Amino acid sequence: HTTLDLDGPLCWCGTRGCVEALAGPTAVVAEVRTSPGLARQLGVAQADGAPSGEPGVPADAGRTDDPATVDDSVVTAFAAVAAAASAGHPEARRILDRSARYVAAAALNTVNLLDVRMLVLSGASLAAAGDVYLPVVRDLLSAALFARGDHPVDVRLSRTAASAPAVGGAALVLQSHLVPTLAPPAHPRPSAPLSEISTLST
């Protein structure tokens, strides 16, 4: 949830202009749905009750959805847009290129801040449209990275991009059960008598 536009659309996280609100699958699909003709060409169904917006402006630009509540229609629709872009559909490619530029800007900010030497793109959306996003991110980092004169950044698509969220969630569960954690330090209860406080502090 890196902010790229202070006056951008409101995100479910509570701030405005997040990369997700500007470039995530919900935003991409919403932009396609603002043009019923384009949506029909790409096989993207209109959302129930979705208002019509102006071309190039997501119909739900007021707020993006919490990814935990995004239904399968958005996932399916984004995959259809990605397939059309890969096949050479100019409007689908334009919309995804715009999304990719936002993702690249967020990647540039991250790499400039952390000075990493490798950046791995992952997630179901990038698994579907990595051929569009990957070159855009690579090109921007090659041209604008602050430390480009010192070292390059290896940008690659994860081999498990589609299943990365599930793998990460499973890893957290396993870690919580298998990795020992330090017990929190003992603190006296607020209502503990002075004698007990003295005992605990020595």
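**Entry 1: Val81**

I began with the term helix, which here is a DSSP run of H or I with at least four residues, numbered from the N terminus. With that in hand, I looked up Val81 in this predicted model and found that the residue lies in helix 4, which covers residues 72-86. I then asked myself whether Val81 is buried or exposed. Its relative accessibility is 0%, and since buried means under 20%, Val81 counts as buried.

Next I noted which residues Val81 touches, leaving aside those up to four places away in sequence: they are Val28, Val32, Leu42, Val44, Ala92 and Leu96. I also looked up Gln41, which is 40 residues from Val81 in sequence, while their C-alpha atoms are 9.8 Å apart in space.

**Entry 2: salt bridges**

I turned to charged side chains, remembering that those of opposite charge can pair when their charged atoms come close. The count I wrote down for this model is five salt bridges.

I looked at Arg94 and Glu31, which form a salt bridge whose closest N and O atoms are 3.5 Å apart. Arg94 lies in helix 5 and Glu31 in helix 2 (residues 25-33), so this pair ties together parts that are 63 residues apart in sequence. For the accessibility of the two partners, I noted that Arg94 is partly exposed at 36%, whereas Glu31 is buried at 4%. I then asked which residues are linked with Glu31 and Arg94 in a network of salt bridges, and found that Glu91 and Arg98 belong to that network as well.

A further pair that I looked up is Asp97 with Arg93, where the closest N and O atoms of the salt bridge are 3.2 Å apart. Because these two residues are four apart in helix 5, about one helical turn separates them. I recorded Asp97 as partly exposed, with a relative accessible area of 21%, and Arg93 as partly exposed with 31%.

I also wrote down the salt bridge in which the side chains of Arg156 and Asp154 meet, at 2.3 Å from N to O. Arg156 counts as partly exposed at 37% relative accessibility, and Asp154 is partly exposed too, with a relative accessible area of 29%.

**Entry 3: Asp115**

Last, I looked up backbone angles, bearing in mind that most residues other than glycine have a negative phi. Asp115 is not a glycine, yet its phi is positive, near 55°. I asked where Asp115 lies, and found the residue in the loop between helix 5 (90-114) and strand 1 (118-121). At 42% relative accessibility, Asp115 counts as partly exposed.

How values were computed: Residues numbered from 1 in each chain as written. Predicted model: local features only at pLDDT ≥ 70, side-chain atom pairs only at ≥ 80, totals over all residues. Heavy atoms only, no water. Buried < 20%, exposed > 50% of the residue type's maximum accessible area, 1.4 Å probe, protein only. Contact = heavy atoms within 4.5 Å. Salt bridge = Lys/Arg side-chain N within 4 Å of Asp/Glu carboxyl O.
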